[in-house]
Amino acid sequence: MRHRHGYRKLGRTSAHRKALLANLSISLIEHGKIETTAVKAKELRSYVEKLITTASKGDSNSHRAVFAALQNKEATKKLVNELAPQYVERAGGYTRITRTRIRRGDATPMAFIELV
């Protein structure tokens with residue numbers, strides 16, 4: 001049973017899952033909108049929103065924390081300097097998930113996740 005379990009394992013090891021979420025986050029920050037599976041989008045939502053909340057503090061410690069999670073200088077710089085200041089007044093809810101289609105190969109529900 002998975003009652004009250006905190007996160008989705010996505011069928012991956014912890015290191016693979018960490019890398020997947022970091023790469024999806026980098027793509028979302030760079031492009032503003034990406035298409036992925038609905039389950040990955042739901043898991044990515046909490047990961048990215050925590051990063052944006054951390055980055056919105058705007059100090060050097062938050063910059064370090066975001067870089068530690070993403071390991072990408074350009075994405076970190078864009079998140080801390082451009083995106084996070086837009087969300088300072090907003091109390092969460094930085095992303096939107098829109099279900100799009102059923103993938104033909106394996107019938108997986110797909111969804112767009114975008115920054116609001």
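**Helix α2 and its surroundings**

The buried residues of helix α2 pack against three other helices and strands on several sides: α1 (14–31), α3 (60–70) and α4 (73–83), together with β1 (33–37), β2 (95–102) and β3 (109–115). This is a predicted model, and helix α2 is a convenient place to start reading it.

Which residues of α2 are buried? They are Ala38, Ala41, Glu43, Leu44, Val48, Glu49, Leu51, Ile52 and Ala55. A general point about helices helps in reading such a list. An α-helix has 3.6 residues a turn, so residues three or four places apart point the same way.

Helix α2 covers residues 38–55, which is 18 residues. At 1.5 Å a residue, a helix of this length should span 26 Å, and the C-alpha atoms at its two ends are 25 Å apart, so the two values agree. Helix α2 also has a kink of about 25°, centred on leucine 44. Leucine 44 is itself among the buried residues of the helix.

Now take the chain as a whole. The protein chain has four helices and three strands. Starting at the N terminus, these elements follow the order α-β-α-α-α-β-β. The radius of gyration of the chain is 15 Å, close to the 13 Å that the globule rule gives for 116 residues, so the chain is as compact as a globular protein of that length. Along the principal axes, the C-alpha atoms fill a box of roughly 45 × 25 × 25 Å.

How much of the protein chain is buried? Of its 116 residues, 35% are buried. The chain exposes about 7,400 Å², and 50% of this area comes from carbon and sulfur atoms. Contacts can also be sorted by how far apart the partners lie in the sequence. Among contacts with a separation of 6 or more, 54% are between residues 24 or more positions apart.

Serine 25 gives a view of the interior from another helix. This residue sits in helix α1. Is serine 25 buried or exposed? Its relative accessible area is 0%, and a residue counts as buried under 20%, so serine 25 is buried. Leaving out residues up to four places away in sequence, serine 25 touches Leu44, Tyr47, Val48, Leu51 and Leu70. Of these partners, Leu44, Val48 and Leu51 are listed among the buried residues of α2. A polar atom of the serine 25 side chain also lies 2.7 Å from the backbone oxygen of leucine 21.

Arginine 104 gives a contrasting case. Arginine 104 lies in the loop between β2 and β3. The relative accessibility of arginine 104 is 85%, and the limit for exposed is over 50%, so this residue counts as exposed. Its C-alpha atom is separated by 25 Å from that of glycine 32, a residue 72 places away along the chain.

Two residues in the segment before α1 deserve a look at their backbone angles. Arginine 4 belongs to this segment and has a positive phi of about 60°, although it is not a glycine. Leucine 10 is found in the segment before α1 as well, and its phi is near 60°, again a positive value in a residue other than glycine. How do the two stand in terms of cover? Arginine 4 has 86% relative accessibility and therefore counts as exposed. Leucine 10, at 17%, counts as buried.

Terms used. Residues numbered from 1 in each chain as written. Predicted model: local features only at pLDDT ≥ 70, side-chain atom pairs only at ≥ 80, totals over all residues. Heavy atoms only, no water. Expected span 1.5 Å × (residues − 1). Bend = angle between axes of the 7 residues up to and from the residue. Buried < 20%, exposed > 50% of the residue type's maximum accessible area, 1.4 Å probe, protein only. Contact = heavy atoms within 4.5 Å. Rg over C-alpha atoms; globule rule 2.2 N^0.38 Å. Areas by Shrake-Rupley, 256 points an atom, 1.4 Å probe, with all protein chains shown as cover. Polar contact = N/O pair within 3.5 Å; in protein donor to acceptor, adjacent residues only side chain to side chain.
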